[in-house]
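Trainee: Please take a close look at the second largest cavity for me, and then set it in the context of its surroundings. I should like a single connected account.

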Amino acid sequence: MLEHFADYYRDRHQRTREWKQKTGRKVVGYFCSNVPEEIIHAAGALPVRVTGSLEPITRADTYLQTNVCPFARSCFDLALRGGYDYLDGMVIPHTCDIITHLYDIWKRRVPLSYIYFLNLPHLVNESSMDLFCKELGLFRQSMEEWTAKKITDEVLARSVVLYNENRILLRELSDRRKTSPPALGGADFLEVSLASAVMPKEDHNTLLRQELAKKPTPSTANGGRPRLLLSGSMIDNTDLPRLIESCGVDLVSDDLCTGSRYYWDLTDPSKGLLEGLAHRYLGKVPCARTVSSEERVRRILEMQDRYEVNGVIVYAILFCDPHLYEYPLLKKRLEEAGVPVLFLEGDYILAAKGQLKTRIEAFVETIVGGWR
Amino acid sequence: MAETKGSKKALQVSGEIFPMVKEYYLKAHEHKAQGKPVAWCGVAVPKELLLALDIYAMYPEHYSTICAIRKTAVEFCNYAEAAGYSRELCGYARTITGMVLGGEKAREIAPFGGMPDPDFLFITSCVCDTRLKWFEELQGHSGWPIQYLDFPEKLLSKGEAYATEAMNYYYRQLENLLSNLERQLGVKYDEAKLKAVMDRSWELRELELEILELRKAAPAPMTAADGFAVMFPRMYLSGTEKAVDFHRRMRDELKAKVGKGLGVLQNERFRLLWSGIPFWFNMGLINLFEDFGGVVVIDVTYTNFFRSERRYAEEPLKELAYRCTIGGLGITSLVDTNLFAAKEYKVDGAVLSFSSTCRPLYIDQLEVRNQLKEVYDIPSLLLESDMADERRYDAALVQANVNAFMEVLDQRLSHKK
């Protein structure tokens, strides 16, 4: 069953085109995990997370320097080459500086009938929640104007329920990694999570329920392997998780925007529709772009406890300012809590796999050595 | 040009800047010694409020340019990198974080004896988001209290409804800030004082706009070398009588020069704009173009070409919120600002300094190049380095690129004839 998720994600562009042709509905791309997809879904459109590709950059060099986030360059390059020709609209949030500035360049060079800049505060407090809630109201209004269709509270409430269900199911699947050995690999789980961000949620929920109805398959791996958590900036394919797992470890948890930062927190409908969404998307497990590095450490330690993690690998894409800034103190705080940390920096396409593997293996040795 | 060097200024008033800067840093130590509060601030904080509260504002970004000029930035960066900060991070951030982490050893070589330890850190996300992380990290290392001021982006493209909400959000944050500072530092908010500061700041803004008009003259009466130097009173002393007085005299000097048709070069062959943070350790680069008959007539990055539409003169805190959000924006896009400046200042070419560790300001730089070419057929020269860390500067390559660019301009001029 897991291969259904992997297959969909691998063929996501073609599958989205097919969905669009079949339903006649609109597709709206978005960056990052801070865009309330529920509003897009309630408008009748399919929200699809924009991801990059491992193909060489050919067109983006004319517009974006080489020392800009390679993930952003890859996404933009793919769009310029027509890889996102099925998008009808785009939502670009104020997350990091690069994604924020990509708004103007994307608008100019990849014309779409709808492109919305979603302003996301950096602070998490009552005042910023209030502003973000107002922004979501304007976002909803803008989707209504574009689709020429009102988004009723009833329809939005149903979308909220659907998305919460997806998160609950993903958590349940993730918890299959609590066992020793885990009943599910980290790379496999990430593929499920990645698929969630590009598939119709209804279909993803159906596949998840089917998967969860099956008894967990006993792992062929030995128990007692080091259990690691992968934290970091954008990872939209399984190359790095598979590389890590090839070093004799179990990847049992993550702090990734395509992983737990995407699905972990639920929307609380008792707060009100837009207020609930504002609290969920601004107050969820923070990315480094949000001012709350202590909260991020707290959440990682919660995951460490839940999944009995022995060590953390922190991965930053080259030139990823928020994560590169946060790393030294993140490392210090985790190590003060007794958690060994390995820092890896990659170029998004993992050109230096050999070097990364050597460093991971050495890290694993130190963890295992610590047990002896 | 094998060595880096300081710039040559065209205006007499520019000669006042270094003593002004030195005095500012030395007075900071006096202020602190008297037990008065000091804040380390991001460049775009509402400085007028700090002035009205008698809080001495230090600007780490500015201080790191001093470190670059005084050649201590590299050593400070080394301390930061040793602590795990990537060399790809902002040169300003590495300089200052490194200086803090370097402790006494760093303080021994810090220009002007360093900056006095702050009573609080004060940072806004206006200009870039990464500064929030920078200061958050500084707080984590130092334990100094911190105040954040969140700045919503792209207000011009968001429409009036959102822009008004954003301004209100900013205002609520100012109220909260005042309350925190009164509680933590015992400072007292005096509305009349802030009003007086805002009036002077408005007068400064009017003078600045006059100066920007005068800079359009041909031959150009001043260069971007002057522009970057005189930035200090405008950016950091806004609201003071000193800044107003300086700009009055600067305006008068420019008026006199323009009235007599005096320029940096009487035989001005090319007019250039400079977009981007200069390489502070080699400001002499700006004058290099004069060897070819070129004058860098306008510097775009730190310049706001537009006036606020209105005042809230009797409500100074509201006016501050307005000016810091909707009112101060003008054209917010770097591309549009450069297109505007290229047309208004009749430039023949653009120098786009590209600081490889300042991604927020430079992500648009290739599009600036593209749009200047597509819209006005203006060629651009891209020069890459770091703004403070001179390890990334390749003097020979820069010279070669400048030579080649000026040849291009020369050929274009010949074809026009």
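**The second largest cavity and its surroundings**

Mentor: Helix α10 of chain B provides the largest share of the lining of the second largest cavity, namely three residues. The model under discussion is predicted. The space in this cavity amounts to about 110 Å³. Its lining consists of B:Glu208, B:Ile211, B:Leu212, B:Arg215, B:Met222, B:Gly227, B:Val230, B:Arg234, B:His247, B:Met250, B:Asp299 and B:Thr303. Two elements, α10 and α13 of chain B, give two or more residues each to that lining. Sorted by class, the lining comprises five nonpolar, three polar and four charged residues.

The second largest pocket offers a useful counterpart. Its space is about 490 Å³. It is lined by 24 residues, and those closest to its centre are B:Tyr24, B:Leu51, B:Tyr56, B:Leu237 and B:Thr240. The helices α10 (191-214) and α13 (241-260) of chain B appear here again, together with α1 (17-33), α2 (47-52) and β2 (56-58) of that chain, as the elements that give two or more residues to the lining. In this pocket, however, α1(B) supplies the largest share, five residues. The classes here are 12 nonpolar, four polar and eight charged residues.

The structure as a whole holds seven cavities of 30 Å³ or more. The largest cavity has a volume of about 330 Å³, and 24 residues line it. Nearest its centre lie A:Cys32, A:Cys96, A:Ile99, A:Cys287 and A:Cys320. Helices α5 (97-109) and α14 (321-336) of chain A each contribute at least two lining residues. By class, this lining has 13 nonpolar, six polar and five charged residues.

The cysteines among those names raise the matter of bonding. Over all chains, a search of the whole structure finds zero disulfides. In chain B, B:Cys41 is in no disulfide, and the nearest cysteine sulfur, in B:Cys324, is 12 Å away. B:Cys41 counts as buried because its relative accessibility is 0%. For B:Cys67, the closest cysteine sulfur is that of B:Cys77, at 9.1 Å, which is too far for a bond. B:Cys67 is likewise buried, with a relative accessible area of 0%.

Chain A also contains an open sheet, with four strands in the order β6-β5-β7-β8 and parallel pairing. Strands β6 (250-255) and β8 (341-346) stand at the edges with a single partner each, so one side of each has no neighbour in the sheet. On average, neighbouring strands are turned by 25 degrees against each other, direction ignored. Five bridges join β5 (residues 227-232) to β6(A), and A:Leu230 has A:Asp254 as its bridge partner there. At the other edge, six bridges join β7 (residues 311-317) to β8(A), where A:Val312 stands opposite A:Val341. Because five of its six residues are buried, β8(A) is largely enclosed by the rest of the structure.

Finally, A:Arg280 belongs to helix α12 (residues 273-283) of chain A. At 3% relative accessibility, this arginine counts as buried. Its C-alpha atom is separated by 20 Å from that of A:Ser231, with the two positions 49 residues apart along the chain numbering.

Definitions and conventions. Residues numbered from 1 in each chain as written. Chains lettered and ligands numbered in written order. Predicted model: local features only at pLDDT ≥ 70, side-chain atom pairs only at ≥ 80, totals over all residues. Heavy atoms only, no water. Pairing = 2+ DSSP bridges. Axes fitted to C-alpha atoms, helices over the stretch in contact; angles between N-to-C directions. 1 Å grid on protein atoms, 1.4 Å probe; cavity = no way out; pocket = protein on both sides within 12 Å on 5 of 7 lines; lining within 4 Å. Points joined across faces, edges and corners; volume = space filled by probe spheres on them. Nonpolar A, V, L, I, M, F, W, Y, C, P; charged D, E, K, R; others polar. Disulfide = S-S within 2.5 Å. Buried < 20%, exposed > 50% of the residue type's maximum accessible area, 1.4 Å probe, protein only.
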